[in-house]
Amino acid sequence: MLPQVLFQNRKPRRIATMEEYCRSGGYRVLEDIARGKYSPADICRIVGEAGLRGRGGAGFPAATKWMSVPVDGAYPRYLAANADEMEPGTFKDRMLIHVDPHTLIEGMIIAGYAISASKAFFFIRPSYDSSAMILERELERARQAGYLGDNILGSDYSFDIILHRSGGRYICGEATALLNALMGKRPNPMKPPPYPTVKGLWNRPTVVNNVETLANLPHILRNGPEWYKGLARTKTGAGTKLFCISGKVNRPGCVELPIGTPLREILEEHAGGMRAGSEFKACLPGGASTRYLTKDLLDVEMDFDSLSAVGHRLGTAAITVFDQKTCLVGVTLNLLQFFARESCGWCTPCREGLPYIRDLLWRIENGEGREEYIPMLRQMSRDVWNAYCALAPGAASPVESLLTFFEDEVREHIRLKKCPFSRPR
Amino acid sequence: MENEIITLTVNGKSVQGRKGQTVLEVCRANGIHVPTLCYHPKMPPYGGCRLCIVEIQNMRGLPPSCTTPATDGMEVTTHTDRLMRVRKTVLELLLAYGDHNCLLCEQTGNCELQDLVYEHGIEKVRFKGEFKPHPKDDSNTMIVRDQNKCVLCGRCVRACLEVQVNGVIDVAARGSDSYITTFNHQSLKDSTCVFCGECVASCPTGALTYKQARFRGRPWELKKVATTCTYCGVGCQLELNVKDNKVVKVTSDHEIPGPNQGSLCVKGRFGNDFIDHPDRLTTPLIKENGEFRQASWEEALDRIAGRFESIRKESGPDALAFFSSARCTNEENYLLNKFARAVIGTNNIDHCARLCHASTVAGLATSFGSGAMTNSIDDLKNSDVILVTGSNTTEMHPVIGSTIKRAVKSGRCKLIVVDSRKIDLVDHAEIWLRQKPGTDVAWLNGMMHVIIKEELYDKKYVDERTEGFEELKKAVAAYTPEKVEEISGIPKDDLIAAARLYASAPAASIAYAMGITQHINGTDAVKSVANLAMLCGNIGIEGGGVNPLRGQNNVQGACDMGCLPNVFPAYQSVTIPDVREKFAKAWGVDSLPGNVGLTIVETIDAAGKGKVKALYVMGENPMVSDPDLHHVEEGLKSLDFLVVQDIFLTETAQLADVVLPAACFAEKEGTFTNTERRVQRVRKAVDPPGKALPDWQAIAALASRMGYEMNYPDAEAIFKEICAVTPSYAGMDYQRLDAGGLQWPCPTKEHPGTKYLHKDKFVRGKGLFHAIEWIPPAEPVDDQYPFLLTTGRVLYQYHTGTMTRRSVGLNERYSECLVEINTEDAARLNIKDLDRVKLVTRRGQMEAKARVGEMTEEGTIFVPFHFSEAAANKLTLAALDPQAKIPEYKVCAVRVEKVA
Ligand SMILES: Cc1cc2nc3c(=O)[nH]c(=O)nc-3n(C[C@H](O)[C@H](O)[C@H](O)COP(=O)(O)O)c2cc1C
Ligand code: SF4
Ligand code: SF4
Ligand code: SF4
Ligand code: SF4
Ligand code: FES
């Protein structure tokens with residue numbers, strides 16, 4: 001059996017209770033903290049040694065981020081758990097909440113302690129209302145049990161978590177836009193410096209972490225950094241990863257696998273292989289903001305470094321699989337409709353560049369394409385990198401890779417003056 | 001740290017900058033052009049347009065120079081093929097989504113987008129996207145917003161929020177649907193916009209334009225003349241845009257040095273259409289048989305000279321009196337002072353400073369030795385606490401109001417507001433004390449009581465730099481917070497909190513205006529303000545001070561120029577023989593009168609009694625501005641001879657025997673001195689209408705007719721004479737003023753001017769504390785007159801409305817008198833918003849519409865005084881402060897009746 005860490009308490013059709021979480025070793029680390037076993041610096045060191053990288057998409061080392069909070073930084077300090085999760089194809093954060101909410105709650109308390117925060121915000125996508133309600137209930141239980149609130153477990157550490165429903169915009173998940181949203185402002189990203197860890201919420205040091213990143217913390221501290229590193233199948237990797245698999249496979253879903261599990265193995269063994277009649281054409285390996293990955297790379301190990309070595313990104317590890325019958329121009333158009341709509345509008349390349357790409361793709365897909373659109377698209381998908389935040393470069397990834405790997409398919413649309421995949425009506 | 005010099009390489013050239021600057025700022029300072037669109041030097045960087053991108057060694061991608069901090073050793077390249085291509089893409093995108101037809105655009109030739117497109121050699125737009133046109137907002141008469149030309153650079157939003165701190169507009173929707181709108185998507189007209197036009201000034205494209213300037217001149221046809229605003233005492237620098245001898249619009253430029261850094265208010269920006277109003281006086285008028293007829297200058301001046309001669313011969317020089325004007329230039333005021341004293345031989349000269357800040361001049365002169373604003377406008381940003389009292393700053397001195405709001409927004413400064421009305425600044429205040437009108441001395445004493453009792457005052461400063469502390473201590477001992485609460489209605493805990501906050505600040509500034517001065521004990525209140533500031537060591541330091549905000553554009557200058565009955569220029573007393581001798585010599589006369597002359601209110605009284613027979617009024621309108629108007633009218637009507645020199649046939653001019661047409665500020669050269677003692681140039685942009693002449697030319701011609709030669713080739717020659725006899729102006733000349741004005745004292749040509757007074761030493765030596773007791777207002781409320789009436793101004797009107805009421809935009813905003821009444825009171829009297837009400841006092845009555853709301857407290861009525869048909873000053877009391885002779889405009893008892 002594969003090691004199940006985050007999902008160790010996964011029950012069919014049921015949420016693990018706080019008691020079940022405790023029985024599995026939950027809140028043990030918190031008790032140790034209350035007893036004075038770890039200083040905040042100890043936590044940072046251990047998590048650093050474990051090599052935990054952020055699960056929100058960028059893969060930034062968690063401990064490094066925490067340690068960039070200045071030693072003499074102001075108080076109060078804040079933690080924000082990012083559960084905005086609007087990346088198309090991604091639903092791991094929601095799974096986590098529905099599987100074992102207390103691993104998240106304990107993770108947040110540990111991270112809060114590591115940066116000496118007194119308050120945390122759980123920033124959740126509004127359409128996840130059922131998840132939000134679970135959290136509200138479980139947070140209250142944790143409070144009753146003395147895990148949250150003033151003087152946690154009799155220690156002098158006080159910390160509480162406030163649940164905040166997001167406004168429901170993709171950009172709200174971007175860390176700095178998230179902070180603006182929490183402060184009641186228009187959720188535009190903010191360019192560092194200053195970094196949020198120096199001046200974040202209300203100008204106080206603030207750390208933003210993805211929910212999955214935080215859920216790893218109790219396990220790392222319980223079992224040690226060596227154990228954690230050992231979970232991965234690659235040398236540079238560490239821990240396990242929640243993979244969300246969707247598309248033309250037999251068993252779509254969310255599974256926890258060691259970091260570095262080869263893509264082919266994930267698809268064939270854990271997603272039940274391609275559906276009957278479907279043949280693998282390409283996939284988006286890490287959410288909609290990553291490049292199309294083609295057949296020749298099926299053996300790549302799904303880890304941050306191994307993917308970037310071949311020009312791809314692990315992103316959120318949400319794998320969407322397309323078969324030979326799927327029109328990738330149509331898929332890309334669909335994605336760009338999403339991204340163009342979700343652009344916050346702050347910077348020109350994204351605000352006007354994404355609609356530009358969208359409109360060109362729309363013409364191609366609808367038989368109005370022209371040859372000259374191909375170089376225009378190619379140029380634009382490069383030039384939107386000149387954007388204020390990472391949304392636009394992410395949005396450009398499927399377009400750029402479409403033109404790189406499937407230029408013929410695009411040209412075919414233009415030549416036929418229609419989509420070659422469309423069934424005659 | 002901040003001033004640490006760093007060295008960068010830009011395009012292979014080594015350049016220097018300061019730590020803390022951005023790459024763009026370093027480039028600009030070194031004359032290296034980097035294209036920008038969303039950047040504006042007055043605002044925090046935005047980083048949105050992505051045109052200012054550069055390449056920086058060891059940095060990934062194309063960082064925007066406007067948000068990237070410059071660091072030592074950085075290697076920057078501003079122009080490469082790649083950069084040009086990516087910039088071109090940005091521009092192409094802006095053209096793809098938007099409606100940029102320069103042929104149909106007012107901004108053609110003055111548009112940053114147009115320039116950028118040209119600079120980047122864009123020949124065609126390869127692709128035009130789906131573009132949903134937005135409706136234009138041209139619901140008002142001043143600003144047009146055409147969203148279809150908007151490039152979403154966010155400059156207007158930041159202008160409104162960060163510069164003016166009004167926060168009226170923001171970006172709505174997202175992505176390429178984004179657009180700029182107001183709260184709840186109201187049109188600008190119905191929004192909270194105050195029409196300062198900062199947004200228009202900052203817009204790089206034709207998305208925001210001046211409505212009234214449309215089709216009246218292309219940018220390249222307009223000649224810009226930089227000058228000083230003619231309205232309030234802030235003295236904003238603005239540019240009159242002229243075509244065909246007409247002022248087409250008013251723009252501003254943050255690069256013109258001055259108190260406003262390119263910011264203006266609605267009056268300065270949109271209130272100048274009075275200049276070529278058809279009502280302007282264009283020829284002298286002589287009244288015959290109760291009717292005016294046109295006359296030549298020859299005839300009019302002969303008539304005046306003749307009447308003046310005969311009245312002087314019959315009744316002596318003191319039968320003549322002069323009202324000079326805070327609206328006119330220093331040169332003109334100086335000349336009228338010289339005319340009254342040297343030509344006629346009387347000290348009967350005064351002006352409306354009497355009505356607003358005479359108590360300031362009297363009070364601060366005894367406390368500190370100088371009656372002017374101690375610190376500077378720009379210095380407010382260095383204050384840790386600002387206490388504003390008796391000043392609705394955002395309406396009366398809007399640009400100072402914004403300076404204060406910016407200081408508060410920066411997070412460094414806390415604001416205390418003490419005002420009986422819920423003014424705009426209250427929203428920005430840490431503490432708001434709402435006192436009953438006329439109780440200022442009480443709460444000021446109360447604050448000092450707390451500060452002394454809790455030993456929060458600056459003992460060292462008090463010991464070393466002041467005198468009279470023991471007397472002060474004794475006087476304020478009785479003003480316990482409990483007692484003050486009884487008198488003023490200010491909750492005692494709030495008073496204590498405010499006292500602590502004020503005393504805790506390393507540098508605290510007090511700004512006040514007529515709410516403090518226009519009382520029978522106005523001078524006492526001013527001295528109390530001075531006491532408080534000295535007690536905490538706040539005089540003579542950066543960021544501190546007692547800052548009376550002077551109302552009119554040149555009220556400071558008119559005072560400086562000696563248009564007061566007791567002093568020559570620079571406050572040199574007429575009662576001192578040596579001074580008289582000095583001026584007699586300078587002016588080439590044998591002697592000058594040594595008896596103190598009459599103030600404005602005294603002149604009116606004397607006229608009523610037949611003691612003053614002739615009055616010369618230069619640019620004032622006592623028929624609306626002075627207290628107790630019935631009495632004023634009687635006085636003026638009893639005169640034998642009244643001369644009024646003005647730009648319009650004002651209520652006062654209508655009573656005149658001779659009316660002289662004057663040039664307005666846009667039609668003449670000269671100087672104004674603003675509230676912070678800054679002498680600034682006034683420059684001619686257009687010719688005066690018809691035969692109108694600058695006031696100084698009229699005075700000089702009259703003097704010559706009366707046998708005293710005044711031969712000045714131009715205003716500059718007068719200014720040279722001013723500097724020769726006015727020690728605080730001695731170091732000034734027009735060339736020096738051209739570089740941004742000078743703050744007096746400026747005694748020598750090398751002196752840089754004085755940012756704040758009383759550094760190290762008070763002008764009078766030691767600062768003097770005064771022990772002051774509170775006295776109740778002259779006319780308490782009673783059963784018959786149960787409300788307190790207080791008067792004041794509104795943002796969109798100015799003084800007696802002579803100019804502002806002829807401005808289209810201003811009248812769109814506020815065109816008739818509205819009587820403010822509290823909701824509760826209104827309910828009791830069954831008065832609804834906009835119902836007509838009658839106000840009755842012991843002196844008179846007036847009717848106007850009611851404005852029901854929370855601006856005023858229960859029991860208090862507020863009336864703006866700008867409107868002659870609803871003249872608040874028919875109601876007011878001419879009770880005078882015994883020291884400064886200022887009338888108590890701010891409180892009297894009134895009855896309110898609903899008009900059926
Ligand atoms: C447009 C955009 C949307 C994002 N949405 C999310 C999100 O929904 N959840 C998330 O955890 N991170 C999201 N991120 C990444 C965050 O900016 C940030 O890197 C992350 O929350 C940091 O957490 P980690 O270090 O634990 O990964 C988004 C980034 C961008 C540019
Ligand atoms: S790239 Fe620019 S417009 Fe797009 S979401 Fe980020 S900041 Fe907003
Ligand atoms: S005119 Fe002034 S108040 Fe109105 S929107 Fe523009 S900046 Fe804001
Ligand atoms: S209206 Fe003008 S200043 Fe405002 S965002 Fe648009 S282009 Fe920029
Ligand atoms: S603030 Fe005063 S000086 Fe400035 S523009 Fe307005 S009226 Fe003129
Ligand atoms: S000027 Fe720097 S991004 Fe616009």
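**Close-up 1: the residue that comes after α2(B).** In this predicted model, α2(B) gives way to B:Gly98, and the phi of B:Gly98 is positive, near 155°.

**Close-up 2: helix α2 of chain B, end to end.** Here's the helix itself: 16 residues, running from 81 to 96. From first C-alpha to last, α2 of chain B reaches 22 Å, close to the 22 Å expected at 1.5 Å a residue. Plenty of this helix is tucked away: the buried residues include B:Leu83, B:Val86, B:Arg87 and B:Thr89. The run from B:Val90 through B:Leu91, B:Glu92, B:Leu93, B:Leu94 and B:Leu95 to B:Ala96 is buried too.

**Close-up 3: what sits over α2(B).** The cover on its buried residues comes from both chains. Chain A brings in α15 (348–365) and α16 (373–383), among others, while β3 (55–56) and α3 (112–119) of chain B are also part of the cover.

**Close-up 4: where chain B touches chain A.** The contact takes 27 residues from chain B and 28 from chain A. On the chain B side, α2 and β6 (169–172) are the elements that give two or more residues. α2(B) has the largest share there, with 6 residues. By type, the chain B side splits into 13 nonpolar, 9 polar and 5 charged residues.

**Close-up 5: the surroundings of ligand 5.** Ligand 5 has 14 residues around it, and the closest are B:Cys229, B:Tyr231, B:Cys236, B:Cys265 and B:Gly268. Two helices of chain B, α6 (266–270) and α12 (398–409), each give two or more residues to this shell. Domain 2 (128–270) and domain 4 (358–548) of chain B each supply at least three. The shell's make-up is 9 nonpolar, 4 polar and 1 charged.

Notes. Residues are numbered from 1 along each chain as its sequence is written. Chains are lettered from A and ligands numbered from 1 in the order in which they are written. This is a predicted model: local features need pLDDT of at least 70, side-chain atom pairs count only at pLDDT 80 or more; totals for chains, interfaces and linings use all residues. A residue is near a molecule or strand if its C-beta atom, placed from the backbone, lies within 6 Å of it. Helices (H or I, at least four residues) and strands (E, at least two) are DSSP runs, numbered from the N terminus. Ala, Val, Leu, Ile, Met, Phe, Trp, Tyr, Cys and Pro count as nonpolar, Asp, Glu, Lys and Arg as charged, and the others, Gly among them, as polar. Domain bounds come from an automatic or database domain assignment. The expected span of a helix is 1.5 Å times one less than its number of residues. A residue is buried if 20 or more other C-beta atoms lie within 10 Å of its own, exposed if 12 or fewer, and partly exposed in between; C-beta atoms are placed from the backbone. Two residues are in contact if their C-beta atoms, placed from the backbone, lie within 7 Å.
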